[in-house]
Amino acid sequence: MGKPARDWSDLPPEILHLICMKLPDIYDFTVFHSVCKTWRSIECDPPLQLPWILEHRTMCDDPALSCYSLTSEKIHKITCPRSLGKCFLGPSYHYLLTYRVTKAGYSWSLLNPLTGNEVHLPSLEEDMMYWVEWIGSDKSGEHVVFSEISHHSRGYNWSNTIVLRQIGDHNTVQFPLEGSSGNGKLYRNEEFFFIDVITGVTKVMNIRTQKLVYEVPPIVRSHYDRQFWMVESGGEILHLSKTRGVNLDDLHFDIYRLDLGSGKRRACWVKIDSIGDQVLFLDEHRGVSFCASDYEGLGENCIYFLAKLFLCKYDIKDGAAKELHCPFVGKDRTWFTPRLY
């Protein structure tokens with residue numbers, strides 16, 4: 001007779017804890033804890049998580065969402081029943097921004113596909129939609145900052161209305177921006193940064209008092225048809241731009257750091273050629289930053305750029321881009337940072 005099958009639930013807790021600590025991805029962490037009650041009882045912090053590439057679908061008729069992990073180089077299927085019948089407007093950090101068409105109009109929410117947690121947002125008029133600018137925590141809790149955008153047959157227009165909402169609370173703070181905004185916005189420590197697309201001036205408003213705090217003179221550009229981002233990275237605020245519509249061979253990013261000035265010296269953008277040990281993940285609309293030393297093999301001072309037609313790793317020092325494998329070819333794709341709470 002052969003040896004009896006091993007009951008893996010009988011593994012010593014200290015061995016299971018070591019296994020759990022070695023898991024490289026939140027997906028593996030979730031699967032580990034779903035094996036049995038014994039494994040589920042193992043207390044261990046989830047691994048530090050890099051963004052996944054999410055296959056973006058306009059209407060979700062399948063509860064299984066497809067995500068690609070750079071860490072494992074695998075496509076993960078995340079089953080989220082609450083996504084059925086909802087339309088996606090892309091991810092918003094660790095949530096998906098969704099809406100459903102009902103008899104009463106559009107029902108909006110933020111949905112975490114890993115936990116099923118759903119945050120319902122106030123209703124909007126039929127020709128209006130949300131665009132999430134930032135989600136994060138401060139001393140008073142977790143907040144979401146979003147713009148209201150008007151949409152019609154000719155495209156989208158930012159309405160310049162900004163809304164601050166505490167997650168889990170129905171109270172909101174709403175105010176108009178003093179200028180014409182578009183891409184390139186950032187929220188940090190109750191200050192909202194945005195670039196006036198007409199003048200190029202960066203304006204900083206206190207989101208609580210709704211007053212203009214200061215302005216930063218525009219960057220002198222050699223090309224005006226540019227795509228730009230603002231990203232908080234390693235405690236600094238960065239401004240990134242590139243010429244629109246370039247192919248991989250011509251890709252180049254100009255990067256500036258915000259110098260807040262002192263005394264009589266005004267705040268200004270200073271061009272830099274390194275972001276140190278940081279690494280940026282950009283898609284067509286927003287970016288996030290990570291410390292490269294926290295992730296084995298990630299590489300520092302670089303940008304992972306997800307364009308409509310390719311994914312590449314851009315070396316800031318050399319100014320060279322290397323194309324990387326990316327699934328979901330020919331489909332809309334965006335970065336999505338999964339979270340288990």
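Rings of Phe, Tyr and Trp (for Trp, the six-membered ring) count as a pair if their centres lie within 6.5 Å; planes under 30 degrees apart are stacked, over 60 edge-to-face, and the rest tilted. By this definition the structure holds 12 aromatic pairs. This is a predicted model, in which local features need pLDDT of at least 70 and side-chain atom pairs count only at pLDDT 80 or more, while totals for chains, interfaces and linings use all residues. Residues are numbered from 1 along each chain as its sequence is written, and side-chain values use heavy atoms, leaving out hydrogens and water.

**Aromatic rings**
- F281 and F290 form an edge-to-face pair, with 5.5 Å centre to centre and 85° between the planes.
- F281 is buried (under 20% relative accessible area, with exposed over 50% and partly exposed in between; 1.4 Å probe, protein chains only), at a relative accessible area of 1%.
- F290 is buried as well, at 13%.
- One aromatic cluster is formed by W229, F253, F305, F310 and Y314.

**Nonpolar cores**
- The largest nonpolar core (buried Ala, Val, Leu, Ile, Met, Phe, Trp, Tyr and Cys residues joined through side-chain atoms within 4.5 Å) has 32 residues, and W108, L110, V132, I135 and V145 have the most contacts inside it.
- Strands (DSSP runs of E, at least two residues, numbered from the N terminus) that each supply at least two residues of this core include β5 (95-102), β6 (105-111) and β8 (128-138).
- The largest share, 7 residues, comes from β8.
- A second, separate core of 18 residues includes W229, I255, L280 and C312.

**Surroundings of V132**
- Beyond its neighbours within four places in sequence, V132 is in contact (heavy atoms within 4.5 Å) with S92, Y93, L97, L110, V144, V145, F146 and R286.

Note on methods:
Helix = DSSP H or I, 4+ residues; strand = E, 2+ residues; numbered from the N terminus.
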